[in-house]
Amino acid sequence: MPKPRSISAKPLSVLLSDVFSDAYAKQGFAARELVTRWSEIAGPEVAAHSEPMKIQWPRPVEGQPQEPATLVLRVEGPMALEIQHTSDVILERVNRFFGWSAVGRLALRQAPLSRRNRPAASAGPDPKAVAEVAETLSSVEDEQLRSALARLGASIKRN
């Protein structure tokens with residue numbers, strides 16, 4: 001009797017990797033991490049109001065060094081001016097992510113962001129649970145430290 005084969009489930013990201021890679025490549029992204037990790041790269045303040053749309057690479061001229069690309073960002077209307085003022089910082093962060101000066105300038109497109117399901121801010125721990133944990137921390141003398149530890153303990157117990 002043949003030995004039964006084990007069934008190994010593959011992560012969905014592995015199965016769809018080629019599909020997403022092709023879609024991102026059409027928009028000029030060599031790696032999709034710029035899109036998927038945008039909040040880590042640009043910072044939460046910038047990422048809350050913008051998202052990368054595509055990277056436009058200039059045509060190479062023979063005998064000339066490759067010029068940096070243009071990162072096109074979709075930005076919510078009122079924040080476009082603020083993001084334009086911080087463009088140097090954003091460019092520095094993006095190039096630090098790539099490890100070389102890949103992007104030389106930003107182009108902003110004012111439009112609503114495509115992702116609207118932002119994670120809701122988590123509610124703080126229950127005040128009763130915080131008070132219960134705080135009672136057990138009578139040996140901590142610093143009041144601020146005691147309250148911070150009580151909130152941390154209540155949050156850990158909640159999860």
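Start at the surface of this predicted model. Leu145, Leu149, Leu152 and Ile156 form a nonpolar patch there. Together they have about 350 Å² of accessible area. One of them, Leu152, sits in helix H9, which covers residues 143-158. How exposed is Leu152? Its relative accessible area is 48%, so Leu152 counts as partly exposed. The cut-off for exposed is over 50%.

Now turn to the inside. In soluble globular proteins, nonpolar side chains tend to be buried together. The largest nonpolar core here has 19 residues. Leu34, Trp38, Leu71, Leu73, Ile90 and Val94 have the most contacts inside this core. Which elements give two or more residues to the core? They are helices H4 (38-42), H5 (44-47), H6 (80-85) and H7 (87-98), along with strands S2 (69-75) and S3 (103-110). Strand S2 gives the most, with 4 residues.

Take Val94 as a way in. Leave aside its neighbours within four places in sequence. Val94 is then in contact with Leu34, Trp38, Ile41, Leu71 and Val103. Another core lies apart from the largest one. This other core has 6 residues, including Val133, Leu137, Val140 and Ala154.

Go back to helix H5, one of the elements that give two or more residues to the largest core. Glu45 has its place in this helix. Is Glu45 buried or exposed? Its relative accessibility is 57%, so Glu45 counts as exposed. Glu45 can also be paired with Ile83. The two are 38 residues apart in sequence. In space, they are 9.6 Å apart, C-alpha to C-alpha.

Notes
Residues are numbered from 1 along each chain as its sequence is written. This is a predicted model: local features need pLDDT of at least 70, side-chain atom pairs count only at pLDDT 80 or more; totals for chains, interfaces and linings use all residues. Side-chain values use heavy atoms; hydrogens and water are left out. A nonpolar core is a set of buried Ala, Val, Leu, Ile, Met, Phe, Trp, Tyr and Cys residues joined through side-chain atoms within 4.5 Å. Buried means under 20% relative accessible area, exposed over 50%, partly exposed in between (1.4 Å probe, protein chains only). Contact means heavy atoms within 4.5 Å. Patches are made of residues with over 30% relative accessible area and no salt bridge: like charges are joined within 9 Å, nonpolar side chains (Val, Leu, Ile, Met, Phe, Trp, Tyr) within 5 Å. Accessible areas come from the Shrake-Rupley method with a 1.4 Å probe; for residues, only the protein chains shown count as cover. A salt bridge is a side-chain nitrogen of Lys or Arg within 4 Å of a carboxyl oxygen of Asp or Glu.
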